[in-house]
Amino acid sequence: MFLRTPVRAAFGALLLAVVGLTVAAPIAAAHGFSSVVYVDVTAPERGHVRAELGLEYDLLVVSAADADAEQDDALFRAGTAAFDAQDPDAMAAALTAHTQSVNAYVGKRFTVAADGQACTPTQDGDYTMTERDGAPYTVLVLDYACPEPADEHEIRSELFPDSETYVKDTKTILTYDLDLKSGSAALDKEHRSFSTHQSTAERFWEFFRLGAEHLLTGIDHILFLLALIAGSRRLREVVLAATSFTVAHSVTFVLAALGLVKVSASFVEPVIALSIAVVAGWHLWRLRQRGLHAGELESIRHRHFSLDRAGWTRLGVVFCFGLVHGLGFASALGIDAAWSWQLLWSLLVFNVGLETVQLTIIALVFPVLALLRRKTPITALWVTGVISGGVAVTGLFWFVQRITA
């Protein structure tokens, strides 16, 4: 076909650039240039606040060992050796042997105050190990003795980054049941603290912003969306595909975030990468098969929504992949709590933030492609071929990397 050579050329031209991008990106993506701390805060009784913290193990070791007041090289050596060996028992033992350094670091950077007065933390139980998004996490439970009575509690997190310059920010995902209020909140370097007197609108804005930022900083989801746009022949197609994707990932997002569905990240992450390659490759396949007619619809007589067979098939594929992407969104949010109206609204607002960015990208990119297709159809096919080629190679690279990690 006419465009087979251009498609091959597009692949060749992009290969070095894409490989360079994908070699660098996964290294950054190991921490995503940010870390996530998961905290569950409750008040078992008056004057007593309990915080269960989930901390990324390797960052905790590096930060606690290198803290100005500690300088615990032995913790760094023991903790790093246990991490390299991927031995959970050895990881917990390394922390236990250096409890003073670890708790001093965490205690200075994660604080609880009651009516403006600091609460005093003590460790409850041993360090335990778990896993989130394929990374080892340490679970540390701290009991805070607080002044009584107290009408308001303030929680402040300044955990990470420290001297580890490859981590630029930390998001603290907080679930709480304090002062006769329950719900969730999101903290980061711009918003370090949370108060139980915080308004509902403020809490919802935090999750809207968190959702928007997650999509903007999640290169895999942006590439998936670009592949979706590049392969859509009509505005109707991209709108229906985006809607299908939204419905699908919203379902699994809420179910997974509420703890009703659990799927290992070792399955979710490779499938997300594969979905990027498949959706991008779909357009390349049409270019190869139909050449200059790749942008034309087949017979749509008696078909709903004016989609041809290829359009409906693509819609089904996008829906299935959307279900998996929802699991990825949920793991990023990291909430695993019992159902409640406040929690559900937080999840939905997070999702609205995602969708706002998604629709904005579509509104910016698709009209440009539509105009290009109208004015210079051949150039438009080249452009969409180049986009799809680069995205497909990137997705395949990530897929191989994630299944072999």
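Here are four short exercises on a predicted model, each with a worked solution.

**Exercise 1. Work out the strand order of the open sheet of 4 strands, and find which strands stand at its edges.**

Let's start with the order: it reads β4-β3-β8-β11, and the pairing is antiparallel. Next, look at the ends of that row. β4 (117-118) and β11 (193-195) each have a single partner strand, so one side of each is left without a neighbour in the sheet. Now zoom in on one pairing. Strand β3 (residues 110-114) meets β4 over 2 bridges, in the antiparallel sense, and A113 sits opposite A118 in β4. Finally, see what covers the strands: helix α5 (residues 99-109) lies across β3 and β8 (153-157), and the helix runs at about 50° to β3.

**Exercise 2. Check the span of helix α6 against what its 18 residues should give.**

Helix α6 covers residues 200-217. The rise to use is 1.5 Å a residue, counted over one less than the number of residues. That gives an expected span of 26 Å, and the end C-alpha atoms are 26 Å apart, so the two agree. While you're on this helix, pick out its buried residues: R203, E206, F207, R209, L210, G211, A212, H214 and L215.

**Exercise 3. Find what R50 pairs with, and say which parts of the chain the pair ties together.**

Side chains of opposite charge can pair when their charged atoms come close. Here the partner is D124, with the closest N and O atoms 2.9 Å apart, and the contact is a salt bridge. R50 lies in strand β2 (residues 48-56), while D124 is in the loop between β5 (120-123) and β6 (128-132), so the pair links parts that are 74 residues apart in sequence. As for exposure, R50 has a relative accessibility of 30% and counts as partly exposed. D124 is partly exposed too, with a relative accessible area of 30%.

**Exercise 4. Trace the salt-bridge network that includes K171 and R209.**

The whole structure has 8 salt bridges. Take E213 and K171 to begin with: their side chains meet in a salt bridge at 2.9 Å, N to O. E213 is in helix α6 and K171 in strand β9 (residues 169-178), so this pair connects parts 42 residues apart in sequence. K171 is at 17% relative accessibility, so with a cut-off of under 20% it counts as buried; E213, at 26%, is partly exposed.

Then move to R209 and D188, which form a salt bridge at 2.6 Å, N to O. R209 lies in helix α6 and D188 in the loop between β10 (181-187) and β11, so parts 21 residues apart are tied together. Both R209 and D188 are buried. Put it together: salt bridges with shared partners join K171, D188, R209 and E213 into one network.

Conventions. Residues are numbered from 1 along each chain as its sequence is written. This is a predicted model: local features need pLDDT of at least 70, side-chain atom pairs count only at pLDDT 80 or more; totals for chains, interfaces and linings use all residues. Side-chain values use heavy atoms; hydrogens and water are left out. Two strands pair if DSSP finds at least two bridges between them. Contact means heavy atoms within 4.5 Å. Axes are lines fitted to C-alpha atoms, for helices over the stretch in contact, and angles run from 0 to 180 degrees between N-to-C directions. Buried means under 20% relative accessible area, exposed over 50%, partly exposed in between (1.4 Å probe, protein chains only). A salt bridge is a side-chain nitrogen of Lys or Arg within 4 Å of a carboxyl oxygen of Asp or Glu.
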